[in-house]
Amino acid sequence: MFRFPPLTPFVKKLLIVLFGTWIAQIILQNWAGVPMFEFLALDTASPGLNTVWQLGTYVFAFPTGPQAVFSMLITLVFLWWMLAPFEQRFGQKRTIQLCVVAALSSALLALLVGLMVPNPSALYGAQALLLGSIAAFAWSYRGQGRMSFFGVIDMKPVHIIYLVLALSALMFITSGDAVALAADIGAIGAGMGFIEWLRRPPGRRRPK
């Protein structure tokens with residue numbers, strides 16, 4: 001029978017911060033008229049001084065309309081679903097490192113593509129953290145049997161990554177948003193690369 005993983009310390013704090021900043025954005029943007037979304041989301045059309053902080057703040061930027069409520073809740077649930085088992089297995093320090101690597105890799109690849117396509121979209125939301133955690137957790141079990149995808153489908157770990165890539169490609173086909181596709185690929189690649197970095201053999205000590 002499927003059940004949610006335990007709510008680990010870092011994931012608990014992350015969910016609280018994401019939800020809290022979203023509520024603050026709703027109040028400031030919808031009721032005080034402060035353009036918080038434009039301030040936090042990563043502007044891929046015209047990088048500048050604002051890019052310095054937006055590389056980190058875009059994961060906290062969410063739409064503030066009523067249609068975003070369900071999407072936000074789904075994001076939080078899936079983050080709990082996928083990131084908590086990673087923290088259980090690798091610890092809080094590695095989980096924080098994974099989130100930073102996934103967010104930066106996603107943003108940098110989105111910026112690169114944004115310079116090459118007309119009218120690029122802004123990058124926002126915590127999808128980089130979600131996709132990075134899915135890819136990293138699945139890749140960490142590569143060659144170790146099969147996994148249960150969301151407790152429903154039994155499949156090989158690498159097939160989970162293929163499925164996530166296919167969903168990102170489907171979103172691109174329907175939206176034509178090359179920036180979002182690049183961000184997804186950057187996050188997935190970062191998750192896989194992070195696991196390979198953890199598996200690196202220890203370096204030899206230099207002789208004195």
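Visitor: Which pattern does the protein follow, read along the sequence?
Guide: This is a predicted model, where local features need pLDDT of at least 70, side-chain atom pairs count only at pLDDT 80 or more, and totals for chains, interfaces and linings use all residues. Residues are numbered from 1 along each chain as its sequence is written, and side-chain values use heavy atoms, without hydrogens and water. Helices (H or I, at least four residues) and strands (E, at least two) are DSSP runs, numbered from the N terminus. The order is α-α-α-α-α-α-β-β-α-α.

Visitor: What is the radius of gyration of the protein?
Guide: The globule rule, 2.2 Å times the number of residues to the power 0.38, is compared with a radius taken over C-alpha atoms. For 208 residues the rule gives 17 Å, and the protein comes close to that, so it is as compact as a globular protein of that length. Its radius of gyration is 18 Å.

Visitor: Which helix gives the largest share of the largest nonpolar core?
Guide: A nonpolar core joins buried Ala, Val, Leu, Ile, Met, Phe, Trp, Tyr and Cys residues through side-chain atoms within 4.5 Å. Buried means under 20% relative accessible area with a 1.4 Å probe, protein chains only. The largest core has 48 residues, and Leu18, Tyr58, Leu79 and Leu83 touch the most other members. The largest share, 10 residues, comes from H6.

Visitor: Which residues are in a second, separate core?
Guide: This core is separate from the largest one and has 5 residues. Among them are Met36, Leu40, Ala41 and Ala61.

Technical notes: Buried < 20%, exposed > 50% of the residue type's maximum accessible area, 1.4 Å probe, protein only.
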